Number of protein chains: 2
Amino acid sequence: MRACDMDRVKGLPLFADAAADTFRVATAGAHLQRFPAGTMLLLEGDPVDFLYVLLDGQVELHGTWNDHETVLAILRPVSTFILAAVVLDADALMSARTLERCEILMIPGDAIRTAMRLDPRFAMAVSRDLAGCYRGLVRTVKNHKLRNSVERLANYLLALRAADNSGGVVRLHHEKRILASLLGMTPENLSRAFSALQAVGVNVQGAVVTLSNVAALEALAKPDPLIDNHAPRGGDIVAEADAEVWSSERNRAGGEAGARTASAGRRND
Amino acid sequence: MRACDMDRVKGLPLFADAAADTFRVATAGAHLQRFPAGTMLLLEGDPVDFLYVLLDGQVELHGTWNDHETVLAILRPVSTFILAAVVLDADALMSARTLERCEILMIPGDAIRTAMRLDPRFAMAVSRDLAGCYRGLVRTVKNHKLRNSVERLANYLLALRAADNSGGVVRLHHEKRILASLLGMTPENLSRAFSALQAVGVNVQGAVVTLSNVAALEALAKPDPLIDNHAPRGGDIVAEADAEVWSSERNRAGGEAGARTASAGRRND
DNA sequence: CGCGCATTTGAGGACTGTCAACTTCCGTGG
DNA sequence: CCACGGAAGTTGACAGTCCTCAAATGCGCG
């Protein structure tokens with residue numbers, strides 16, 4: 001493993017606070033591996049033997065049922081994934097597949113669990129990481145249960161814009177059919193959702209999306225800090241520490257989240 | 001706090017493994033409180049000062065957006081909730097409301113965080129708890145994205161049956177409109193979903209549901225161990241340790257989960 | 001007994017998925 | 001450099017699912 005890779009791993013919130021020994025032990029048994037695009041790293045139901053650290057490339061996490069598949073998260077460097085299964089030494093609930101050529105550090109699950117026992121600071125970091133992942137998923141569920149597909153897409157675009165601090169032009173990081181699945185719709189409907197957003201100044205040109213009327217888009221999207229990690233807080237409150245990898249917002253470019261309906265309201269309560 | 005309550009708290013996976021000292025310190029600053037039905041314990045967006053331990057009654061966790069509300073989880077004793085926010089000392093992403101008269105132990109968040117720093121075994125237990133919660137939500141997302149409303153209801157009923165190890169008769173633990181929201185539909189559609197399940201031997205009589213043809217119900221529901229925590233594993237595999245509170249399967253009686261479409265398949269990819 | 005609320009039922013419409021045809025894009029190979 | 005083939009993305013037509021509104025029914029509590 002290159003020194004710079006080592007530094008990148010050490011820079012993860014998960015390891016930043018760990019004792020030097022902990023880090024050394026954990027990475028001692030680790031190995032760096034390269035995978036071509038389209039490789040299945042992990043199949044749901046399989047035992048999980050490693051904590052994965054994505055150093056380069058993109059990885060998709062998905063689930064299947066009854067011959068259907070849905071994308072649950074898309075990871076970009078630097079991210080760890082499958083931490084929850086490692087902590088519990090349990091079977092994977094999601095499959096992982098490379099979307100492009102990837103460089104991945106694989107740390108034995110035993111090493112992680114041992115390190116947690118020996119280093120309370122590391123155990124604490126794991127807890128914080130998992131708490132952040134959990135909260136990311138709460139946002140996702142709220143997003144899906146409280147918003148329709150056009151609203152989800154609108155918020156996704158705003159999240160992209162916030163993440164790339166791009167002005168009025170954002171680039172989609174994935175194929176549209178992957179994005180459609182992540183947002184919980186079919187490719188056809190994603191296409192129609194983009195059309196619908198033309199009315200608020202959204203134009204698509206391949207992977208390049210121009211937002212010519214952000215105010216109108218925001219009026220439609222109604223981003224909410226309790227769903228969308230990028231959305232502005234009310235007062236002068238400090239940004240929360242959710243951080244962390246996985247389906248955490250940063251990786252998904254703020255894509256998924258979730259929150260909703262009031263006591264009297266309706267819509268998919 | 002009564003001694004028997006103390007024992008119930010100590011019996012939680014979260015505390016079972018903790019040092020005696022840890023438990024003493026944590027519960028020293030705690031106070032037991034009773035709330036009438038319909039009390040808002042916590043509003044989303046509020047700072048979280050306590051870890052809540054539900055000892056008696058039922059609590060609903062919900063999220064709101066744009067004047068709509070959705071139920072994210074329903075908790076029954078003994079459960080802790082809001083642990084993720086406590087670990088991160090962050091604002092709540094969900095609101096909590098009592099559904100009936102409740103008895104709740106409130107442990108200061110500081111005490112929890114301090115205990116984690118001092119007691120690695122406790123920190124480890126927190127990690128395991130959060131990992132279980134996380135996996136519960138992964139199941140929920142798969143359930144919602146991969147199944148339609150009738151399928152979700154069918155699996156919910158099977159989960160209830162498994163939890164209560166009832167034969168062909170299960171009791172609903174909540175009002176139908178709450179259940180509808182938890183399952184991601186309107187009360188009207190829950191009613192229609194029940195009607196649809198008559199074809200596979202499901203009959204509703206108030207809160208009492210009789211399942212006269214479990215085989216047919218299962219054929220429709222297609223329960224999956226990677227979505228439904230109750231579903232049978234393939235071989236002689238040991239049941240996983242997900243356990244834990246919160247939106248964990250046990251509380252929701254195995255209700256929620258989620259996963260979906262295969263590469264070629266469709267339906268809400 | 002009557003009121004209020006939860007639940008049910010019906011009708012209609014909005015949203016989303018399915019199927020099929022067409023266009024565009026892109027990499028391969030001639 | 002250009003033609004070809006396949007995949008991705010679009011569009012249209014249609015159907016199924018789900019939500020909304022309204023009204024009726026049933027149940028529990030005062």
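Biologist: Before we look at helices, what does contact mean here?

Modeller: This is a predicted model, so every value is computed from its atoms. For two residues to touch, we look at the heavy atoms and ask how far apart they lie; contact means heavy atoms within 4.5 Å.

Biologist: With that in hand, which residues of helix 9 of chain B does helix 7 of chain B meet?

Modeller: On the helix 7 side of chain B, the residues taking part are V150(B), L153(B), A154(B) and L157(B). Across from them, helix 9 of chain B brings in L190(B), A193(B), F194(B), A196(B) and L197(B).

Biologist: And of what class are the residues in that contact, nonpolar, polar or charged?

Modeller: Sorting the contact of helix 7 with helix 9 of chain B by class turns up no polar and no charged residues. What's there is 9 residues, and their class is nonpolar.

Biologist: How do the axes of helix 7 and helix 9 of chain B cross?

Modeller: Helix 7 covers residues 149-163 and helix 9 covers residues 187-197, and their axes come within 9 Å. They cross at roughly 75 degrees. Angles of 65 to 115 count as roughly perpendicular, so helix 7 of chain B is, relative to helix 9 of chain B, roughly perpendicular.

Biologist: Staying in chain B, which strands stand at the edges of the open sheet?

Modeller: That sheet has 4 strands in the order 1-8-3-6, with antiparallel pairing. An edge strand has a single partner strand, so one side of it is left without a neighbour in the sheet. In chain B that fits strand 1 (31-35) and strand 6 (79-81).

Biologist: How many bridges join strand 3 and strand 8 of chain B?

Modeller: Strand 3 takes in residues 50-56 and strand 8 residues 102-108, and the two run antiparallel. Along the way, L54(B) stands opposite I104(B). The number of bridges joining strand 3 to strand 8 of chain B is 6.

Biologist: Which helix packs on that sheet?

Modeller: The packing helix touches strand 1, strand 3 and strand 8 of chain B. Its direction makes about 120 degrees with that of strand 3 of chain B. It spans residues 3-10 of chain B and is helix 1.

Biologist: Over to chain A: which residues of strand 11 point to the buried face?

Modeller: In a regular strand the side chains alternate between the two faces of the sheet. Strand 11 of chain A (residues 208-211) does alternate, with V208(A) and T210(A) on the face that is not buried. The buried ones, on the other face, are V209(A) and L211(A).

Biologist: Which residues stand opposite T210(A)?

Modeller: Strand 11 of chain A pairs antiparallel with strand 9 (residues 169-171) over 3 bridges. Strand 11 of chain A is also joined to strand 10 (residues 202-205) by 4 bridges, again antiparallel. Opposite T210(A) stand V169(A) and N203(A).

Biologist: Which residue takes a positive phi in the hairpin of strand 10 and strand 11 of chain A?

Modeller: That hairpin has 2 residues between the strands. The phi in question is near 65 degrees, and the residue is G206(A).

Biologist: Is E103(A) buried or exposed?

Modeller: E103(A) lies in strand 8 of chain A. Its contacts further along the chain include R2(A), D5(A), R34(A) and L54(A). The cut-off for buried is under 20% relative accessible area, and E103(A), at 7% relative accessibility, therefore counts as buried.

Technical notes: Residues numbered from 1 in each chain as written. Chains lettered and ligands numbered in written order. Predicted model: local features only at pLDDT ≥ 70, side-chain atom pairs only at ≥ 80, totals over all residues. Heavy atoms only, no water. Axes fitted to C-alpha atoms, helices over the stretch in contact; angles between N-to-C directions. Parallel < 35°, antiparallel > 145°, perpendicular 65-115°, else oblique. Nonpolar A, V, L, I, M, F, W, Y, C, P; charged D, E, K, R; others polar. Buried < 20%, exposed > 50% of the residue type's maximum accessible area, 1.4 Å probe, protein only. Pairing = 2+ DSSP bridges. Lists of a residue's contacts leave out its neighbours within four places in sequence.
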